[in-house]
Amino acid sequence: MEGIATMSEHPVTPPTFQHVFRAYYPQVVRQVLRILGDAAAAEDVAQDVFLQLYDQEWRTIDNVGGWLHQASIYAAYKYVRSERRRSSRDERGAEPGPSVEPSTEERWLQQEEITAVREALTDLGERDRALLLLKYAGYGYRELAEITQVESGSVGTLLARARKKFRDLYQRRRGMES
């Protein structure tokens, strides 16, 4: 194959990283450039690929050229995806949204509600509070059972009871006797 660098020029002495870099860098840049279409970005991505190679035990890689080929394709597409996400974020951030500042009364009501929630949580027992907080933090029933050291079959019942206790305490704090 023409134009592909090989390392067979110095078969007696093992190649240094500098030799590998010089032999394959133009090839990696060309490959990334075909995907990105931007020379400056292609050079940046190629440098990242060689940094990844340097961080590897690159001397133990059987086919450094093949590794660089795969890594450069992956890095180029990763760059494209990240640029799309960045562009999308920029577009969403540029859209004028309703920037209505809440009134003093609304802020006071929000703060009052936050205080009522905190106080209701404080009045709950340790296990009930932990179950509720962990469940709403995204933990599953198995994880809740492990953390609170209860049977996994009873987590649902304990959560339902904790929710009811919390609701009652919260409503009492808010003056909404049920």
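Student: What makes aspartate 90 partly exposed?

Tutor: Aspartate 90 has a relative accessible area of 44%. Buried would need a value under 20%, and exposed one over 50%. Because 44% lies in between, aspartate 90 is called partly exposed. Keep in mind that this is a predicted model.

Student: How do you know that aspartate 90 forms a salt bridge with arginine 86?

Tutor: Look at the closest N and O atoms of the pair, which are 2.8 Å apart. The cut-off is 4 Å between a side-chain nitrogen of Lys or Arg and a carboxyl oxygen of Asp or Glu, so this pair counts. Arginine 86 is partly exposed too, with a relative accessible area of 36%. The two residues are four places apart in helix 3 (residues 64–94), which means that about one helical turn separates them. There's a wider link here as well: Glu83, Arg86 and Asp90 are joined in a network of salt bridges.

Student: How many salt bridges turn up in the whole structure?

Tutor: A search finds five. One of them joins the side chains of glutamate 126 and arginine 129, at 3.0 Å from N to O.

Student: Why is glutamate 126 called exposed or buried?

Tutor: Its relative accessibility is 59%, and since exposed means over 50%, glutamate 126 counts as exposed. Arginine 129, at 21%, isn't under 20%, so arginine 129 counts as partly exposed. These two sit three residues apart in helix 5 (residues 126–136), with about one helical turn between them.

Student: What makes aspartate 128 and lysine 165 a salt bridge?

Tutor: Their closest N and O atoms are 2.9 Å apart, and the limit is 4 Å, so the pair qualifies. This pair links distant parts of the chain, 37 residues apart: aspartate 128 is in helix 5 and lysine 165 in helix 7 (residues 155–173). Aspartate 128 has 7% relative accessibility, which is under 20%, so aspartate 128 counts as buried. Lysine 165, at 42%, counts as partly exposed.

Student: Why do we call helix 6 and helix 7 roughly perpendicular?

Tutor: Their axes cross at roughly 80° and come within 10 Å. Roughly perpendicular covers 65 to 115 degrees, so the pair gets that name. On the helix 6 side, Tyr141, Leu144 and Ala145 make the contact, and on the helix 7 side Val155, Gly156 and Leu159 do. By class, that contact has five nonpolar residues, one polar and no charged ones.

Student: Which residue class does Gly belong to?

Tutor: Gly counts as polar.

Student: How do you know whether threonine 148 is buried or exposed?

Tutor: Threonine 148 has 16% relative accessibility, and buried means under 20%, so threonine 148 counts as buried. You'll find threonine 148 in helix 6 (residues 141–148). Leaving aside residues up to four places away in sequence, threonine 148 touches Arg127, Ala130 and Leu131.

Student: What lies 2.6 Å from a polar atom of the side chain of threonine 148?

Tutor: That would be the backbone oxygen of leucine 144. A polar contact needs the N or O atoms within 3.5 Å, and 2.6 Å is inside that distance.

Student: And what makes alanine 160 partly exposed?

Tutor: Alanine 160, in helix 7, has a relative accessible area of 42%. That falls between 20% and 50%, so alanine 160 is called partly exposed. The C-alpha atom of alanine 160 is 9.4 Å from that of leucine 132, and the two residues are 28 apart along the chain.

Methods:
Residues numbered from 1 in each chain as written. Predicted model: local features only at pLDDT ≥ 70, side-chain atom pairs only at ≥ 80, totals over all residues. Heavy atoms only, no water. Buried < 20%, exposed > 50% of the residue type's maximum accessible area, 1.4 Å probe, protein only. Polar contact = N/O pair within 3.5 Å; in protein donor to acceptor, adjacent residues only side chain to side chain. Contact = heavy atoms within 4.5 Å. Axes fitted to C-alpha atoms, helices over the stretch in contact; angles between N-to-C directions. Parallel < 35°, antiparallel > 145°, perpendicular 65-115°, else oblique.
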